[in-house]
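Me: I am new to this structure and would like to learn how to read it. Could you walk me through it step by step?

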Amino acid sequence: MFWIIAIPMIISSFMVVLSTNLFRSALFLIFSFIGVSLIFILLRAEFLAIVEILVYVGAISVLIIFAILMTKNIDSGSPSNSLNKSSLLFSILIFMVLFFSFSITDWNTIDNVNLTNADISNNIESIKNIHSNSIPHLANLLLTDFMLAFELVSVLLIAALIGGLYLIKGDDPDND
Amino acid sequence: MLQNYLFLSAVIFCIGLYGVLSKKNAITILMCVELMLNAINISAVAFSRYIINPFNLINGNIDSLLTGQVLAMFVIAVAAAEVAIGVAILVTVYKNRQTAYVTEGNILKY
């Protein structure tokens, strides 16, 4: 099930970079976002999957398509700059490093970690079941431990809204 | 299986990295930045699904198992702000210089 989702996702991510039409690459980007949302459902993060559909597929891709339609020469795609070969080599190198470090690390996964500590073994069932009912725990975490970051993100969104409006508004010659 | 998700995340991150480093059009660069942030989200949620740190669970604070999902939510919010500002800058540059290529925006070069 994982590879059924992952392989089209990788292919559409490649097509975002390699497509010769900007509009088509935006559509492939939407496919990739939907794939990420399905991966979140596989990882038992249903709330994040819905948020992903709402924010990415609903808002960000629409913004990007607006930006594509406002600029000319869509059909010429995005040509490569002079760093094409070296950036390909660099990203392959980064991929090798990531792949080897992911492969050789001995992860503390939920199956092979030692949970026999006396304090933990009492609520081992609730540890195993936390992902089946995650939204109340997520809300609790967001409004207690991460309260400050939550407020800062709201300030950031307001600042982005005001900044975007100011940038788009331009110079009004009657108002000077 | 944790390694599968991390592998997928690494592949998508490197595709986005290649696009960011090698493309001329600013819209494609924005799209590739979105791909990279999505790869980070996948790996954060996969870690929060599979990894357990027993030292954090001594107090019975099992909510801390979901920290990766909270991180992914913050990343989504920051990505929304980033793409809004990016598109606004792109439209402003396009109004002034009639190009969306980042290689032609070098008026400060000389």
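**Reading a two-chain model**

Reply: Happy to. Let's begin with the overall form of chain B: its radius of gyration is 19 Å, whereas a compact globule of 110 residues would have one near 13 Å. Along the principal axes, the C-alpha atoms of chain B fill a box of roughly 60 × 25 × 20 Å. Please keep in mind that this is a predicted model.

Me: Since it is predicted, what are the confidence scores of the model, and what is the mean pLDDT of chain B?

Reply: For the model, ipTM is 0.88 and pTM is 0.88. Chain B has a mean pLDDT of 86, with 92% of its residues at 70 or more. Going by helices in chain B, confidence is highest in helix H1 (residues 2–22), at a mean of 92, and lowest in helix H3 (residues 67–97), at 90.

Me: How many helices and strands does each chain have?

Reply: Chain B has three helices and zero strands, so to speak a pattern of α-α-α along the sequence. Chain A has eight helices and zero strands, and its pattern reads α-α-α-α-α-α-α-α.

Me: What share of each chain is buried?

Reply: In chain B, 53% of the 110 residues are buried. In chain A, buried residues make up 20% of the 176 residues. A:Ala6 is a good one to look at: it lies in helix H1 of chain A.

Me: Why does A:Ala6 count as buried?

Reply: The idea is to count neighbours, and a residue is buried if 20 or more other C-beta atoms lie within 10 Å of its own. A:Ala6 has 21 other C-beta atoms within 10 Å, so it is buried. You can also find A:Gly35 from there: the two residues are 29 apart in sequence, and their C-alpha atoms are 7.3 Å apart in space.

Me: What share of the contacts join residues at least 24 apart in sequence?

Reply: In chain A, 53% of the contacts between residues at least 6 apart are of that kind. For chain B, residues 24 or more positions apart account for 59% of the contacts with a separation of 6 or more.

Me: Now the two chains together. How many residues of each are in contact?

Reply: On chain A there are 78 residues in contact with 68 residues of chain B. The side of chain A that touches chain B has 52 nonpolar, 23 polar and three charged residues.

Me: How do I describe two helices that pack together?

Reply: Two packed helices are described by the angle between their axes and the distance between the axes. Take H1(A) and H1(B): their axes come within 9 Å and cross at roughly 5 degrees. That angle makes H1(A) roughly parallel to H1(B). Among the residues that meet are A:Phe2, A:Ala6 and A:Ile10 in H1(A), with B:Asn4, B:Leu8 and B:Val11 among those in H1(B). By class, this contact has eleven nonpolar, three polar and no charged residues.

Me: At what angle do H3(A) and H3(B) pack?

Reply: H3(A) and H3(B) pack at about 10 degrees, and their axes are 10 Å apart. Angles under 35 degrees count as roughly parallel, so H3(A) is roughly parallel to H3(B). Residues making this contact include A:Leu48, A:Val51 and A:Glu52 of H3(A), and B:Gln69, B:Ala72 and B:Met73 of H3(B). The contact of H3(A) with H3(B) has 18 nonpolar, one polar and one charged residues.

Technical notes: Residues are numbered from 1 along each chain as its sequence is written. Chains are lettered from A and ligands numbered from 1 in the order in which they are written. This is a predicted model: local features need pLDDT of at least 70, side-chain atom pairs count only at pLDDT 80 or more; totals for chains, interfaces and linings use all residues. Helices (H or I, at least four residues) and strands (E, at least two) are DSSP runs, numbered from the N terminus. The radius of gyration is taken over C-alpha atoms; the globule rule is 2.2 Å times the number of residues to the power 0.38. A residue is buried if 20 or more other C-beta atoms lie within 10 Å of its own, exposed if 12 or fewer, and partly exposed in between; C-beta atoms are placed from the backbone. Two residues are in contact if their C-beta atoms, placed from the backbone, lie within 7 Å. pLDDT is the predictor's confidence in each residue, from 0 to 100. Ala, Val, Leu, Ile, Met, Phe, Trp, Tyr, Cys and Pro count as nonpolar, Asp, Glu, Lys and Arg as charged, and the others, Gly among them, as polar. Axes are lines fitted to C-alpha atoms, for helices over the stretch in contact, and angles run from 0 to 180 degrees between N-to-C directions. Angles under 35 degrees count as roughly parallel, over 145 as roughly antiparallel, 65 to 115 as roughly perpendicular and the rest as oblique.
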